[in-house]
Amino acid sequence: MTRASLGPLVKLKETVGVFVRNAPSPRELLANRTQRFDRLHAILPSTAAPGESLTLTVQAWDQCERLHRDFEATVTVTATDSEATHPRTVTFDPASDGVERVAGVAFESPGVHYLTLTEDRTGERFVSNPVRVTDDDRRVYWGDIHLHSIRSDGTGDAADGYRFGRDVMDLDVAAYTDHDTMGFFIPPGWQRRRMHREYFEELCSLADAFDDPGEFVALPAYEWTKQPNAGGHLNVYFEDGADATLIDSLAAESNTYERLWERLREWERTHDSRVVTVPHHPAEAMYPFDFAAVDYDDELAPLVEVYSQWGSSERPGSEGNRFPLAMGQGEMDEAGYYVRDAHRLGYRVGMMGSADFHGPYPGHSIIHTRPHLPSLDEWREAGLGWGNVWRVWNERSYPGGLTAFLAPDLTRESILSALRSRSVYATTQPHRILVDFRVNGTDVAEQDDAVVVADADTPREVRVEVAGTAPVETVEVVKNDAVWRTVDGTDDPDADLDAYAVAGEWTDDDPITGMRWDEARGTDGDVYTVRVRQASADRYPGMAWVGPLWVEAA
C-alpha cells in the first residue's frame, strides 16, 4: 500500500501517540479552571497621520491567554509623544468582559510612538504596539487569514471568529479557509460533499457579509487540502465571493498543484476578479510541499506561509530556527521543503504568517498555552474540534502568526494586490512589529520584480529599522541564505522603551553572485531577507520575517 492510501491510519497513529505522550496533569487542569490575571494587551493602528483619531483596544488575559472576563482594575496611561491626546486611565469592570475600547487617541509628533499602561495595584507595566506617525499614504494593516471553523475540523462558527477578530483583536483582515476535503478527522468524501453542497457557499456569503471597506476586510477562501495525506496544502483566496469557485483537490483535472494553477489561470481569464494561492507548513513531514519537485507558479503562488502555530518553515531547527516544526510528524530532514529552498531554486516568493488555528479566535491562537479545559459553554456552542481538543492536550504548537499588509487602503482590492505583489511580511502573534527593510531605498511594497543596479559590481545600500513590541534582541540581515549583517540589541525583556527600536545601515560592495540549486535552477541575483527576534521572559519570543528583496544587475 502507498503512503497516501495509508494516510488516515498514519494520522490516527500519530494522533494517539501525541495524546499518550502529552497527557496533561489533572492537577494542572483543575488549577487552570480558575482564571488568574496575567497581562494586558494594548492594540492601536500601526500607522496614523499626525492628529488622526485612533481607537485603543485593551484586553485582559489570564494565565492561559483567555480573556479574563471578570478582571477589575484601573490602569494609568502615558505616551511617548508629549503632545499626544489619550485617556489618563482605563477602568475594567466585569461588565467589560475583559475588553475595553477607548476612542480619541491621537499622536501629534511624527515618528514611532507607544502608549504605556500601568496596572495601579501592582505597578506592572504593559506597552502597546508601536505606531508610526507619518503623512505617508501607505498603511500597515494586520491580518490572520488561515483559520478553520466547525465547517471542517475546527470549532465555532466563522461568524463568531470574524466578530472576535474585528471587535476583540482589532484585526484589519481575516479569512476562514476550511478544508475542501479531509483525512482522519472527517471522511474525505463526506467533507468534499458538504463543501460542494453548501459549506463553501456559506463561507463566501459570511465573508461578503463581514467585509466592510475601510474598516474590515474578510476574504472568501478555502484550503485545497490534497487528502488523505498525499502532499502539502495550499490556501486559495478570492477577491469576490460571488466569483469564488471551489476547485476540487481530489478531481482528476485539479488534483496536482500544477493542474490547480492551470485551472485558476483559466478562471482568471473569465473573471474580473483575482485569486492567489499560498502553501503552508511546507516542511511538515505529514504534509510536505517539495518546491524542488513542483513546476512552481510564483505568480499565482507569490507567497509562502513561513510561520503559523505549526512553527516556521524558513529553515531547519538544526540551523537555529527558534520555532522548528514539532507538531504532527515534525520537520523534514532534507532540502527542498523550506522557504529558503524556494529562494535558492529561483522562485519569487515572499513570506507571510497566519495562525492555522481551528477555532473562533483570529489573531490569538491559544493551543500553545497551559493545558486547560474549555468551559461547558464553549463545548456546547463551539462543538468538538481541534480548537478545543488541543487546549486540553499540548500538541507542541506555538502562538499563531500575523501578516502585515503594506497597502494604501483597507479594501479587498488593495489586500489582494498586496498578496499578489508580495507587499507583506510575517510576525508571531500577537506581536505587531514594525519593520522597514530597504535596499537602495526600495522595500517589499515598492519592488517590482527586483531592485535593478547597473552591473554586478555596483554597491548597494542596505538599511533596516525595527520598532518592536518588546526590547529587540537581534536583527539579522540574511543574504543568499547566510547571515550577512547583525544588529545586536538586548536580551533583557524588562529593558526600557529605548531598547524597543534598533536600526542598521550598511553598504554591500561585494559582487552579485546569486545562488544555484542545481545546474538548471537558481537565481542570478542576490536574495536579501530579515529576521527579527525580541527579548522574552517566556519560551516564545516575538519574531518577524521580512522579504525577500531581490537585487539583479541590468
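In this predicted model, ring pairs join seven aromatic residues into a cluster: Trp-224, Tyr-257, Trp-261, Phe-289, Phe-291, Tyr-296 and Tyr-347. The structure as a whole holds 29 aromatic pairs. A pair of aromatic rings is described by the distance of the centres and the angle of the planes, and two examples show how these descriptors play out here.

The rings of Phe-200 and Tyr-222 have centres 5.5 Å apart and planes at 80°; as edge-to-face applies to angles over 60 degrees, this pair is edge-to-face. Phe-200 belongs to helix H4 (residues 188-210) and Tyr-222 to strand S14, so the contact between the rings ties together parts that are 22 residues apart in sequence. Both partners are buried: Phe-200 has a relative accessible area of 6%, and Tyr-222 has one of 0%.

Within the cluster, the rings of Tyr-296 and Tyr-347 have a centre distance of 5.1 Å and an angle of 40° between their planes, so this pair counts as tilted. Distant parts of the chain are linked by the pair, with the two positions 51 residues apart in numbering. Tyr-296 sits in the loop between S16 and strand S17 (303-308), while Tyr-347 sits in the loop between helix H6 (339-344) and strand S19 (350-353). Tyr-296 and Tyr-347 are both buried.

Two further cluster members, Tyr-257 and Trp-261, lead on to helix H5, where they appear among the buried residues. Helix H5 spans residues 257-269, 13 residues in total, and reaches 19 Å from its first C-alpha to its last, close to the expected 18 Å. Its buried residues are Tyr-257, Leu-260, Trp-261, Leu-264, Trp-267 and Glu-268. Viewed down the axis of H5, these residues fall within an arc of 115°, so they line one face of the helix. An α-helix has 3.6 residues a turn, so residues three or four places apart point the same way. The cover over the buried residues of H5 includes strands S14 (221-224), S15 (233-238) and S16 (275-280), along with helix H9 (412-420).

Elsewhere, four strands form an open sheet in the order S5-S4-S8-S9, with antiparallel pairing. Strands S5 (89-92) and S9 (125-127) stand at the edges with a single partner strand each, so one side of each is left without a neighbour in the sheet. On average, neighbouring strands of this sheet are turned by 25° against each other, direction ignored. Strand S4 (residues 73-79) pairs with S5 in the antiparallel sense over four bridges, and Val-75 stands opposite Val-90 in S5.

How values were computed. Residues are numbered from 1 along each chain as its sequence is written. This is a predicted model: local features need pLDDT of at least 70, side-chain atom pairs count only at pLDDT 80 or more; totals for chains, interfaces and linings use all residues. Side-chain values use heavy atoms; hydrogens and water are left out. Two strands pair if DSSP finds at least two bridges between them. Axes are lines fitted to C-alpha atoms, for helices over the stretch in contact, and angles run from 0 to 180 degrees between N-to-C directions. The expected span of a helix is 1.5 Å times one less than its number of residues. Buried means under 20% relative accessible area, exposed over 50%, partly exposed in between (1.4 Å probe, protein chains only). The arc is that of the directions from the helix axis to the C-beta atoms. Contact means heavy atoms within 4.5 Å. Rings of Phe, Tyr and Trp (its six-membered ring) pair if their centres lie within 6.5 Å; planes under 30 degrees apart count as stacked, over 60 as edge-to-face and the rest as tilted.
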